[in-house]
Amino acid sequence: MIVDYHMHLRNGSEQIAHDTWSVDPYVESARGAGVDEIGFTEHGYYFTELRTLWTNPYQQERCVYGIEPYVDAVAAARERGLPVKLGLEVDYVPGREDETRALLAPYPWDYLLGSVHWIDGFAVDGEPRLVEEVGVEDAWKRYFETLASAARSGLFDSLSHPDLVKIFGDRVQDFDYAEAADAIAESGVAVEVSTAGLRKPVRELYPDSRFLAACRERGVPVTTASDAHSPDVVGRDFDRALELLRSAGYETVTVFERRQAHQEPLG
């Protein structure tokens, strides 16, 4: 089984297109790439129903869409027999766990991705950069502490691009991933192996092989993802993702259905 569980529903020019017919090009691209099932995970900050969670201008400026058309678009695609799942990529907001849970509860998610894009108003992968504000070592420390808290929150089914802090190539040599891997293992959440990093300045898969090995040693399950913002990216570079997974000892991939996870043979 090969799944691509991280993508954003757009039209050909990468504009928001939350209608069911925009799903079809993603499915066609997946078939061409040998991907068996795909999952849409729009950014939660686009949706006005979640507006109270978003505190920085980047999120607030984009919070202009209703969530129902997105949910209905994916649901209609499933009713047409397409191999798609309904997900959401949700920025973790420390201290707002109960509110986040309540706001997400009304919708029939197959899974929820937890992301850490912002820490104390600074961006992990954008401007103003966290690494420039606090330095590389402190940025890594705070990022993985926040990732561990996201895992422990119980809000999410999988953690997306789980070492995003390396995106610009800034890194801490010999970083100890044990504490984060322990928290993830104890929570039962999966981690995402993403090819998106190959298209970023770091030019690497997410996560680092040592981080993935630490997760494997602790029995952490995995999902696979491209983070596609257009159909042509679906399943891109999955040969490299599968190679990384197998080198770490993984033999299965996680498949979700209505927030329930089960394992399927990988590839």
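A residue counts as buried when its relative accessible area is under 20%. Keep that cut-off in hand for this tour. The model on screen is predicted.

**Stop 1: A190**

Select A190. This residue sits in strand β8, which covers residues 190-194. A190 has a relative accessibility of 1%, so it counts as buried. Now show what surrounds A190. Setting aside neighbours within four places in sequence, A190 is in contact with D157, S158 and L159, with V220, P221, V222 and T223, and with T254. For a sense of scale, add Y70. From C-alpha to C-alpha, A190 and Y70 are 24 Å apart, and 120 residues separate them in sequence.

**Stop 2: H161**

Move to H161. Look for this residue in the loop between β7 (158-159) and α7 (178-187). Is H161 buried or exposed? H161 counts as buried, because its relative accessibility is 3%. Leave out residues up to four places away in sequence, and H161 touches H6, E89, S115, H117, Y143, E192, Y206 and D227. Pick Y206 from that set. The C-alpha atoms of H161 and Y206 are 5.4 Å apart, although their positions lie 45 residues apart along the chain.

**Stop 3: two cis bonds**

Stay on Y206 and step to P207. The peptide bond between them is cis, with omega near -5°. P207 belongs to the loop between β8 and α8 (209-217). Another cis peptide bond joins E127 to P128, where omega is about -10°. Find P128 in the loop between β6 (122-123) and α5 (130-134). Most peptide bonds are trans, so cis bonds are worth a look.

**Stop 4: positive phi**

Go back to D227, one of the residues that H161 touches. D227 lies in the loop between β9 (222-225) and α9 (238-247). Its phi is near 60°, a positive value in a residue other than glycine. D227 has 11% relative accessibility and therefore counts as buried. Next select D237, also placed in the loop between β9 and α9. Phi of D237 is positive too, near 65°. With 29% relative accessibility, D237 counts as partly exposed.

**Stop 5: helix α1**

Select residues 23-33, helix α1. Which of its residues are buried? They are V23, D24, Y26, V27, S29 and A30. What do these buried residues pack against? Colour β2 (37-43), α3 (67-79) and β3 (84-91) to see the partners. Just past the helix comes G34, with a positive phi near 75°.

**Stop 6: aromatic rings**

Show the aromatic side chains. There are 20 aromatic pairs in the count. One aromatic cluster is formed by Y45, Y46, W54, Y58, Y65 and W118. Zoom in on Y58. The charged end of R62 sits over the ring of Y58, 3.6 Å from its centre. For another charge over a ring, select R216 and Y250. R216 lies over the face of Y250, 5.2 Å from the ring centre.

**Stop 7: the largest pocket**

Keep Y58 selected and switch on a surface. Rolling a probe the size of a water molecule over the atoms shows where empty space is left. The largest pocket has a volume of about 550 Å³. How many residues line the largest pocket? The lining has 25, and H43, Y58, D125, K200 and H229 lie nearest the centre. Colour the lining by class. You should find eleven nonpolar, six polar and eight charged residues.

**Stop 8: the second largest pocket**

Finish at W118, a member of the aromatic cluster. W118 is also among the residues nearest the centre of the second largest pocket, together with Y92, P94, I119 and D120. In total, 18 residues line this pocket. Two elements give two or more residues to the lining: β5 (118-119) and α6 (136-152). The space in the second largest pocket is about 260 Å³. Its lining has eight nonpolar, seven polar and three charged residues.

Methods
Residues numbered from 1 in each chain as written. Predicted model: local features only at pLDDT ≥ 70, side-chain atom pairs only at ≥ 80, totals over all residues. Heavy atoms only, no water. 1 Å grid on protein atoms, 1.4 Å probe; cavity = no way out; pocket = protein on both sides within 12 Å on 5 of 7 lines; lining within 4 Å. Points joined across faces, edges and corners; volume = space filled by probe spheres on them. Nonpolar A, V, L, I, M, F, W, Y, C, P; charged D, E, K, R; others polar. Helix = DSSP H or I, 4+ residues; strand = E, 2+ residues; numbered from the N terminus. Phe/Tyr/Trp six-rings, centres within 6.5 Å; stacked < 30°, edge-to-face > 60°. Lys NZ or Arg CZ within 6 Å of the ring centre and 35° of its normal. Buried < 20%, exposed > 50% of the residue type's maximum accessible area, 1.4 Å probe, protein only. Contact = heavy atoms within 4.5 Å.
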